[in-house]
Amino acid sequence: MKYVRLFREFVRACLVEEFEYRANFAANLLSTVFWLAMAVLTVQLYFYRSGQVGGWGYYEVMVLLGIFNAVHGFIEFFLQPNMSRLVSHIRKGTLDFVLTKPVDSQFYISFRHLVFWRLADVLLGLGLVVYSLWKLDAMPTVSQAFMFLIVFLASLVVIYSLWMGMMILSFWAVKVDNLSFLFSSVFETARFPVTVYKGVLKFVLTYLFPVAFITTYPAAALIGKLTLYQAGVSLAAAAIFFALVRWFWKFALRRYASASS
């Protein structure tokens with residue numbers, strides 16, 4: 001309950017800050033609509049001469065694209081604003097102030113700053129998912145919706161763990177900002193089902209940078225293509241990635257030497 005109340009205080013403080021810049025919401029909404037429209041046009045080009053891409057039909061890929069947009073919205077909502085500040089804290093030595101607070105430092109670093117107007121990405125992404133499912137005439141059953149919720153949450157845990165793990169490297173390396181650009185570039189591959197990719201690239205995007213768990217499996221759950229085994233693997237991957245990043249954070253803190261002292 002302590003952390004629920006703390007998160008509620010983070011939400012309240014960030015909302016007060018956000019209301020000072022209300023125009024940001026409208027600007028982000030327009031920007032998201034534009035880029036989402038560009039993404040839809042790009043997918044239409046792929047289907048111009050083919051009925052399927054990687055074994056997925058047009059509206060099935062649209063479901064995946066909507067989930068990609070929603071995941072991207074969550075990244076911009078809490079992950080990007082906090083991870084960039086972690087690097088700054090370590091460089092300037094202000095991480096000391098975080099470590100002296102009577103709360104878990106990883107929780108504080110991960111959720112202190114929230115950018116609410118980026119939730120427009122989430123809403124538009126989920127809207128595209130609902131529209132595409134309606135066009136497919138394949139509204140999910142209760143069990144499929146439940147499985148989607150589980151693997152979608154697992155995908156957020158995986159992507160949080162990957163980015164957090166990369167930013168923790170800033171304890172030893174000064175310039176890790178470029179890693180976030182690399183992360184964003186690889187994340188773009190999640191716009192399409194992992195079955196599109198072949199050979200070594202498919203292996204990398206399934207097990208090393210698990211794009212399959214981030215967008216392909218949640219979309220597959222909604223359209224009835226996900227097996228219980230794949231859902232179990234997705235959950236196991238999320239648990240393993242989170243355990244690793246938790247261990248890595250504690251390992252880094254034990255070797256942290258303040259830049260301010």
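By class, the residues around the largest cavity split into 2 nonpolar, 3 polar and 2 charged. This is a predicted model, so please take what follows as computed from it.

Who are these residues? The cavity lining consists of Asn82, Arg85, His89, Tyr108, Ile109, Arg112 and His113. To sort them, note that Tyr and Ile count as nonpolar and Arg as charged, with the rest here counted as polar. That makes Tyr108 and Ile109 the nonpolar pair, and Arg85 and Arg112 the charged pair. Asn82, His89 and His113 are therefore the polar ones.

Which helix gives the largest share of this lining? That is H3, with 3 residues. Both H3 and H5 supply at least two residues each. As for volume, the largest cavity comes to about 40 Å³. Searching the whole structure turns up 1 cavity of 30 Å³ or more.

Now the pocket. The largest pocket holds about 320 Å³ of space. It is lined by 16 residues, and those closest to its centre are Phe78, Phe111, Leu156, Val157 and Tyr160. Four helices give two or more residues to this lining: H3, spanning 58-92, H5, spanning 105-111, H7, spanning 142-168, and H11, spanning 228-254.

What is the pocket lining like by class? There are 12 nonpolar residues, 2 polar and 2 charged.

To put the two side by side: H3 and H5 contribute at least two residues each to the cavity lining, and H3 and H5 also appear among the helices giving two or more to the pocket lining. The cavity lining has 2 nonpolar residues, and the pocket lining has 12.

Notes. Residues numbered from 1 in each chain as written. Predicted model: local features only at pLDDT ≥ 70, side-chain atom pairs only at ≥ 80, totals over all residues. Heavy atoms only, no water. 1 Å grid on protein atoms, 1.4 Å probe; cavity = no way out; pocket = protein on both sides within 12 Å on 5 of 7 lines; lining within 4 Å. Points joined across faces, edges and corners; volume = space filled by probe spheres on them.
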